[in-house]
Amino acid sequence: MTERTQQDDTGNGTPDPSKVQTFELIDEVPGAFGGPEAEGADSDGPDSDGPDSEGSDGDGSAATEPDAGAGEPAPREPGRATLALASARAAVGRNVRRGGSAVRRRLPTTRRGKVLLAGGTVSVVVLAVAAGVLVDARLREQALLATPAGVRSLEVKPTEQWSIDLENPIASTLVEMPGVLAIAGDGKVRGVDPASGEVLWTVDLEENLSCGPSALLGVGEPSIQEPADPLVCVTSSGEDDEREQSVTVVEADGATRSRELDPGAEVVPVAGGGLLHFEIAGGKTEQRPVVVDKLGVPHLPKDFVGPDLTVGVEDAATGKQRWTDTLTFGAPRPDSCITYDESGAPVLDVAGALGWDLHGDVLEVQGCGVSGAFRLDGTRLDDPKDTEDPPADGVDTASFLSLPDGGWVGPDTAAADVAVATDVVHLPDGGTVGLDGNVLVPWATDGRDPGLVLERVGVRTQARSTSADDPGALLWSAPQLRATTLLAEVSGTAVVLDEQGAVRAIDLGTGADRWTLSPKTLSFGDLAWAAESSIFGAYTDGDTLLLPVSADPSGESSGLRLLAVDLRDGSVRWELEQETPYTQLISVDGYLAQVTQHGVVGLG
């Protein structure tokens, strides 16, 4: 298809405006409305006279068509192809539109013009690819910042950006809310902008308060806790059954709702505005002495029968019951029913021996002759008919855990060798993957599903597929990699802590070694056994791994080191030494906040 237009002085030929030159238009642009089959559009078939057809002049210029019925050619209205190209321009993205303008120009008639066109076409492709890369990078950043361990940037050593003084900072708790840092302490909750430190709102409560859901302080573990939406705070005064309790629900904008609780109720704030509660049948019992044999081993009274335990979650704001379940008293072990009094003597203490572990949305309960595991929606994870304490035939090393992708892990109670604890991975789609050992849950991730899980089997580390195509397939095995903790899964790299106290990076897809950080760099020295308890968390921006590490694992002196490790080669990018011991470090919307001996500071 051709179109006549007035001579462009920049083109080839005479600048005489009385003469005209003919240009070929591109008939097809991906995404344009109206291709070669559209009405009025020319075909690009073999018979077409394109710019390189036999109808071209020796210099590559297109032959001029005569205009039938007119002595002198005149401009005409744009054809369908031009309109189609304009529609395409409106349909594509901003960056592609800028590059697409080159494609929409009329085809030059000189070889030089063709070369320029080719360069322009490449520019369009480059711009389109660049736009795609930018979009992909943005999606990756969003996925990273959506994780509890995601940080905006760790490229350079952070400095204090803002600070808030507290009277009792060590007893304060930092909790992530959607876009808000909640500081619970000094008898109030402050909602703070994590970027600027501006106090957005303040809620006054009692001095003795517990807010959550929040991670356990001083325990390095996977960062799976979702932002508190809303925040649930329990306050109490008095002692034991006589204490008065209330619960306050705080929204992200500072709005609150409060109500009174039953005196002495055992409650814990959980995600989704819930309140976990425990109730011992018949009420709490008094402590009783127990018999201790010659070896110092305590024994429960003969024919001892303990109480059942009711577990449930209610709506913290309204008190409406969401679900309840009863754990029936079974065959107890003495150590699950015993605590020790002030003199160090063992006593039978049903209430005091009650314990629970809240890991993401998975709750595991252990008590005197009772045990159970639930998701926070009330789904029972263990076998209700198995009243053994605990499940898995008395093996404690396998437990119930959340996974970052929404799945969960539980012990394989049907394993052939019940003396060796093994795990089963329950995938979000309902499938399962049986393991030969125990799963390694990452402390930090970049928010992307690697399609596999790592497990510790004996002294070796293995990877098994969680892909729908080959669930459970063994992907690789590393006999020399004795991983005890999986610190991070980021950008195809797994960072683990091994038995010798070294931090090692491996290729997540093959298990091949990438780099090793010696125990000496981490101040562990000969205290490899203390390595796991000396690392308090893991944070990442996708390129760097931040590890809060005890300055002195021996415990002879206090202090903290924030160590930034380059994920590509294991080099230490920077190190920040602090006099304060580890208290709490949290990422909120990608901004780091830390409790110090004086208050809370923002790092950036």
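Four strands form an open sheet in this predicted model. Their order is 3-43-42-41, and the pairing is antiparallel. Strand 3 (160-165) and strand 41 (584-588) stand at the edges; each has a single partner strand, so one side of each is left without a neighbour in the sheet. From one strand to the next, the twist averages 20 degrees.

At one of these edges, strand 41 is joined to strand 42 (residues 591-595) by five bridges, and the two run antiparallel. Within this pairing, Leu-585 has Gln-594 in strand 42 as its bridge partner.

The sheet belongs to a protein chain with four helices and 43 strands. Of the 604 residues in the chain, 46% are buried. Among contacts between residues at least 6 apart in sequence, 49% join residues at least 24 apart.

A search of the whole structure for cavities of 30 Å³ or more finds three. The second largest has a volume of about 60 Å³. Its lining consists of Ile-280, Pro-307, Asp-308, Leu-309, Val-350, Leu-354, Gly-367, Cys-368 and Val-370. The table sorts the lining of this second largest cavity by class.

| Class of lining residue | Number in the second largest cavity |
|---|---|
| Nonpolar | seven residues |
| Polar | one residue |
| Charged | one residue |

The charged residue in this lining is Asp-308, and the polar one is Gly-367.

Note on methods. Residues are numbered from 1 along each chain as its sequence is written. This is a predicted model: local features need pLDDT of at least 70, side-chain atom pairs count only at pLDDT 80 or more; totals for chains, interfaces and linings use all residues. Side-chain values use heavy atoms; hydrogens and water are left out. Two strands pair if DSSP finds at least two bridges between them. Axes are lines fitted to C-alpha atoms, for helices over the stretch in contact, and angles run from 0 to 180 degrees between N-to-C directions. On a 1 Å grid over the protein atoms alone, a cavity is a set of points where a 1.4 Å probe fits but cannot get out, and a pocket is an open set with protein on both sides within 12 Å along at least five of seven lines; lining residues have an atom within 4 Å of a point. Grid points are joined across faces, edges and corners, and a volume is the space filled by probe spheres set on the points. Buried means under 20% relative accessible area, exposed over 50%, partly exposed in between (1.4 Å probe, protein chains only). Contact means heavy atoms within 4.5 Å.
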